[in-house]
Amino acid sequence: ALLAVAFLTGNPPERNVLLSSTDGEMHVVKDHILYQDWRGVSLESVDEFTFSHSWTGSVPVGEMEEAVVESPELNIEDERPTGNTVVEVTKELTEDYNVMLDGHWNLADAESLLGTFQNLCATSSRTKGTPKENCHLNKLQTWAVVPEQQIDDVKVKRSGDFVTLTADALKHATPRKATLGGAEGKVHSFRLDFAVLRVISDWGRKKPVVNQVLRRRFGAQLDVDCGFTDLTKDTTLEDDARFMDFKPPELLFMVEAWTLMPEHMHNVAGLKYVTRRQQGLNHPYYGATTAVSWPENRDESYQEYMDYSFNQDGYTSRHLFVHEKSHFFWARHWSTKLKEDWEAAGEWQTAGQYSEDWMTPETVEFSSDYGASNNPDEDMAECLSAYVLHPLRLQARAPKKHAYLRDHVANGVQYLEEPAVTFPVENSDGYYRFPAAVKRVEIKVAGRPADAKQ
C-alpha cells in the first residue's frame with residue numbers, strides 16, 4: 001500500500017460576494033467571503049494586511065454528527081544512499097532539462113528534483129518528444145533552495161532564469177518506506193511535483209505543456225481532435241463555438257486533483273477529452289450546474305466543466321475534478337458487487353424495480369448533503385473526493401465509508417493532512433462536531449511590502 005501525504009495550496013476564494021442581510025436583500029460586500037450551510041455561517045474579511053474570520057451557529061442533533069478522529073502514528077525509515085553523486089545528478093538535470101543547481105543541495109533533494117522533471121517531461125509512450133521539447137525547456141534555469149515559505153512553494157525571477165524553491169516542498173518528494181498505524185507502505189508528497197509543474201507550465205499558461213502531462217499521466221487531452229460536432233453528436237450536438245480553453249489556474253487544479261488520486265486510478269476507460277464551456281453559458285440540458293460527465297455515450301468520451309466549477313476556491317475545483325472522474329469508474333470499471341456493497345453501506349434503495357429514484361434512511365454518514373440527497377453514484381463521487389482531498393472530514397462524518405474506500409477502491413492508499421499552522425481549540429461537544437468550530441480569528445500583518453513582516 002502507498003501512503004500518500006497531500007500537501008495542498010491554492011488561491012483564496014473570490015473576494016466580492018453577495019451577502020444576505022436582515023432586510024432580505026442581497027448586497028455586494030467588498031473584500032468579504034461568506035460560507036453558509038445548515039449548521040451556521042462563516043464570514044471572512046480580507047485585505048492586504050489583515051484577515052479575520054467569524055463563525056456563528058450550531059445545531060445539536062439527536063445522533064452522532066461527526067466522530068472524533070485520532071491521528072495515526074507515522075514512522076518513516078531513514079534515507080538510503082543510491083550510489084549517485086550530486087555532480088552526476090546535476091549533469092543529468094542540465095543536459096536533459098536545462099536546469100542548474102545553485103547553493104547547497106544534498107543528494108536526496110537533487111534526486112527528488114530530477115525525478116520530478118522526469119515524471120513531468122521525459123519521453124514516454126504517449127509523449128514522443130525530448131524532455132526539453134515536451135516541457136518547452138528552451139532556456140537554462142538555475143534552481144536554489146530557500147528556507148522561507150513562498151506562495152505556491154516556488155518563485156521565478158522576472159528574467160526567467162532563476163528559480164527559488166521552498167525547502168519544505170522537498171519533504172517526502174521521493175517515496176520512502178514507512179508505517180502508518182502499524183501498516184507498512186510508502187509515504188509520498190506531491191508538493192514538489194506541483195511546484196515544478198507551475199514553473200514549466202508558467203502557472204498553467206503554457207497549454208501544450210499541461211496537455212502533454214494530461215496525456216502521459218491520465219490518457220486524457222484538451223484538444224478535441226475529432227471535432228466538437230462529432231464528440232457531442234450523441235449528447236448535446238454542438239460546435240466549438242460553445243466551448244473555450246480552460247483558464248490557467250483551472251488547468252493546474254485539474255492536474256493536481258487527478259495526480260493526488262491513487263496511481264491505479266490515474267487512467268480510466270473512456271475518458272479521453274476534457275472540455276470547458278464558454279464563459280457564462282449554462283448547460284443545455286442541466287442548466288446552472290458545475291460539470292457533466294458522459295462515460296457511456298462513446299468509446300472515447302468526455303467531460304465538460306462550466307463556470308460554476310471555478311467560481312469558489314481551489315479546493316472546490318479540485319473536488320469537482322475527482323468527483324467527475326469517479327463517474328467514469330462507476331459506469332465503466334467498478335464491478336456490480338462493489339457497487340452493491342456501496343449501496344448497502346449507505347443503506348440505499350430504489351423506490352421500485354424500474355425506478356431511477358433512490359432513497360436512504362441514513363441521515364449523517366455522508367460526505368456532503370449533495371451525496372446524501374441523490375444516489376449511490378453521487379454518494380461515491382462525493383466520498384471519493386473527500387477521501388483524496390479532505391480525509392479528516394470523511395473519517396469524521398462517515399468512518400465506515402472511509403474504511404471501505406481505503407480497502408476496496410483506493411487499494412490501501414491513505415491520505416494524511418498536515419497543516420502548516422495549527423492551534424488547539426477546546427471542544428466540549430466532540431461527538432457533535434469534529435474538529436471544533438473556530439468562533440473567531442484575527443490576523444494582522446505589519447511591515448512594508450518589501451520588508452520582513454511581523
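Biologist: Which residues do ring pairs link into a cluster?
Modeller: This is a predicted model. Ring pairs join six-membered or phenyl-type rings of Phe, Tyr and Trp whose centres lie within 6.5 Å. Here they link one cluster: F218, F246, W258, Y305, F310 and F321.

Biologist: How many aromatic pairs does the structure hold?
Modeller: The cut-off is 6.5 Å between ring centres. By that rule, the aromatic pairs in the structure come to 20.

Biologist: Is the pair of W258 and F321 stacked or edge-to-face?
Modeller: The centres of W258 and F321 are 6.2 Å apart, and the planes meet at 85 degrees. Planes over 60 degrees apart count as edge-to-face. So the W258 and F321 pair is edge-to-face.

Biologist: How many residues apart in sequence are the parts that this pair ties together?
Modeller: W258 lies in helix α7, residues 248-260. F321 lies in helix α8, residues 314-332. The pair therefore ties together parts whose separation in sequence is 63 residues.

Biologist: Is W258 buried or exposed?
Modeller: Buried means under 20% relative accessible area. W258 has 0%. F321, its partner, also has 0% and is buried. So W258 is buried.

Biologist: Which residue lies over the face of W258?
Modeller: A Lys counts here if its NZ is within 6 Å of the ring centre and within 35 degrees of the ring normal. At 4.6 Å from the ring centre of W258, the residue is K325.

Biologist: What is the angle between the planes of W330 and W334?
Modeller: Both residues are buried, W330 at 12% relative accessibility and W334 at 10%. Their centres are 6.5 Å apart, and the pair is edge-to-face. The angle between the planes is 90 degrees.

How values were computed:
Residues are numbered from 1 along each chain as its sequence is written. This is a predicted model: local features need pLDDT of at least 70, side-chain atom pairs count only at pLDDT 80 or more; totals for chains, interfaces and linings use all residues. Side-chain values use heavy atoms; hydrogens and water are left out. Rings of Phe, Tyr and Trp (its six-membered ring) pair if their centres lie within 6.5 Å; planes under 30 degrees apart count as stacked, over 60 as edge-to-face and the rest as tilted. Helices (H or I, at least four residues) and strands (E, at least two) are DSSP runs, numbered from the N terminus. Buried means under 20% relative accessible area, exposed over 50%, partly exposed in between (1.4 Å probe, protein chains only).
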